[in-house]
Amino acid sequence: ESAKPKQVDPKDLKNIIASMPPEKRRNLAEILLTAGALTEAQLHKAQSEQKNQPDATLPGVLLSLELVDERTLAEAISLQTGIPLVSVNEETIQASAVPEIPERIARMYCCMLLRAATTRIDVAMTNPGNLLAIEDIERITGKQVNALVGLRSEIEAAINKYYWQPE
């Protein structure tokens, strides 16, 4: 059970998704199963865990239970939604804009503000399909959110770095 999750090459993933019937392409679990990145047993485990945590999302549960390789998951979400996968690091983060999203919100939704303009912000998220998170961030910042896909490890590292407060 504790074997490392299988990483699927992004090019393979793209071909796998292209070969799937359109109605199955919309389902992230189907994509991961077809790609061999997830087994039926792992999916059932994640789904029963999701029932115990009403506000948990499938991507979040898959990552916290370490059932899916995070890059494969991010690539699958990106290909499924057409939302680009971005790097979250010093080059992509506009440090002065980070405080526009409160730390509690960044941690709650696992998201990181990358760039801010007058009326919109680019936000890297592990789950850009979480419309509740996007609405929340838009309400708090008063700006339109352009959601992008980010790796959880990179987003968490950035949150820990940019929201760090000296004692």
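**Entry 1: T72 and its surroundings**

I began with T72, which lies in helix α6, and I kept in mind from the start that what I am reading is a predicted model. T72 has a relative accessibility of 1% and counts as buried, because anything under 20% falls in that class. I then looked up what T72 touches, and, not counting residues up to four places away in sequence, I found K6, Q7, V8, L13 and A37.

**Entry 2: α1 against α6**

Since L13 is among the residues that T72 touches, I turned next to how the two helices meet. Helix α1, residues 10–19, packs with α6 at an angle of about 40 degrees, and the two axes are 10 Å apart. I noted that α1 and α6 are therefore oblique to each other, and that their crossing is right-handed. On the α1 side of the contact I listed P10, L13, K14 and I17, and these meet T72, E75, A76 and L79 on the α6 side. Sorted by class, the residues of this contact are five nonpolar, one polar and two charged.

**Entry 3: K4, before the helices begin**

I went back along the chain to K4, whose place is in the segment before α1. K4 has a relative accessibility of 75% and counts as exposed, because the cut-off for that class is over 50%. For a sense of distance I compared K4 with P99, and the two are 95 residues apart in sequence while their C-alpha atoms are 35 Å apart in space.

**Entry 4: two residues with positive phi**

I looked for backbone angles out of the ordinary, bearing in mind that most residues other than glycine have a negative phi. The phi of E66 is near 55 degrees, which is a positive value in a residue other than glycine. E66 is found in the loop between α5, residues 58–64, and α6, and with a relative accessible area of 60% this residue is exposed.

C110 is a further case, with a positive phi near 45 degrees in a residue that is not glycine. I found C110 in the loop between α7 and β1, the latter spanning 111–116. Buried or exposed, I asked of C110? With a relative accessible area of 11%, C110 is buried, whereas E66 is exposed.

**Entry 5: salt bridges**

How many salt bridges does the count come to? I recorded eight, and I looked at three of the pairs by name.

In the pair E100 and K143, the side chains meet in a salt bridge with an N to O distance of 3.0 Å. E100 lies in the loop between α6 (70–81) and α7 (103–109), and K143 in the loop between α8 (131–141) and β3 (144–149), so this pair ties together parts that are 43 residues apart in sequence. E100 is partly exposed at a relative accessible area of 30%, while K143, at 14% relative accessibility, counts as buried.

The side chains of D136 and R139 also meet in a salt bridge, here at 2.7 Å from N to O. Both residues belong to helix α8, where, being three residues apart, they are separated by about one helical turn. D136 counts as buried at 12% relative accessibility, but its partner R139 is exposed, with a relative accessible area of 62%.

In the pair R152 and E156, I noted an N to O distance of 3.9 Å, and this still qualifies because the cut-off is within 4 Å. R152 and E156 both lie in helix α9, residues 152–162, where they are four residues apart, about one turn of the helix. R152 counts as partly exposed at 23% relative accessibility, and E156 is partly exposed as well, with a relative accessible area of 38%. Elsewhere, R115, R120 and D122 are joined into one network by salt bridges that share partners.

**Entry 6: E154, also in α9**

I stayed with helix α9 and looked up E154, which lies in it. At 23% relative accessibility, E154 counts as partly exposed. Which residues does E154 contact, leaving aside its neighbours within four places in sequence? I found R71, V86, S87 and V88. Last, I checked E154 against K45, and their C-alpha atoms are separated by 26 Å, with their positions 109 residues apart along the chain.

Technical notes
Residues are numbered from 1 along each chain as its sequence is written. This is a predicted model: local features need pLDDT of at least 70, side-chain atom pairs count only at pLDDT 80 or more; totals for chains, interfaces and linings use all residues. Side-chain values use heavy atoms; hydrogens and water are left out. Buried means under 20% relative accessible area, exposed over 50%, partly exposed in between (1.4 Å probe, protein chains only). Axes are lines fitted to C-alpha atoms, for helices over the stretch in contact, and angles run from 0 to 180 degrees between N-to-C directions. Angles under 35 degrees count as roughly parallel, over 145 as roughly antiparallel, 65 to 115 as roughly perpendicular and the rest as oblique. A crossing is left-handed if the near helix is turned anticlockwise from the far one by less than a right angle, and right-handed if clockwise. Contact means heavy atoms within 4.5 Å. Ala, Val, Leu, Ile, Met, Phe, Trp, Tyr, Cys and Pro count as nonpolar, Asp, Glu, Lys and Arg as charged, and the others, Gly among them, as polar.
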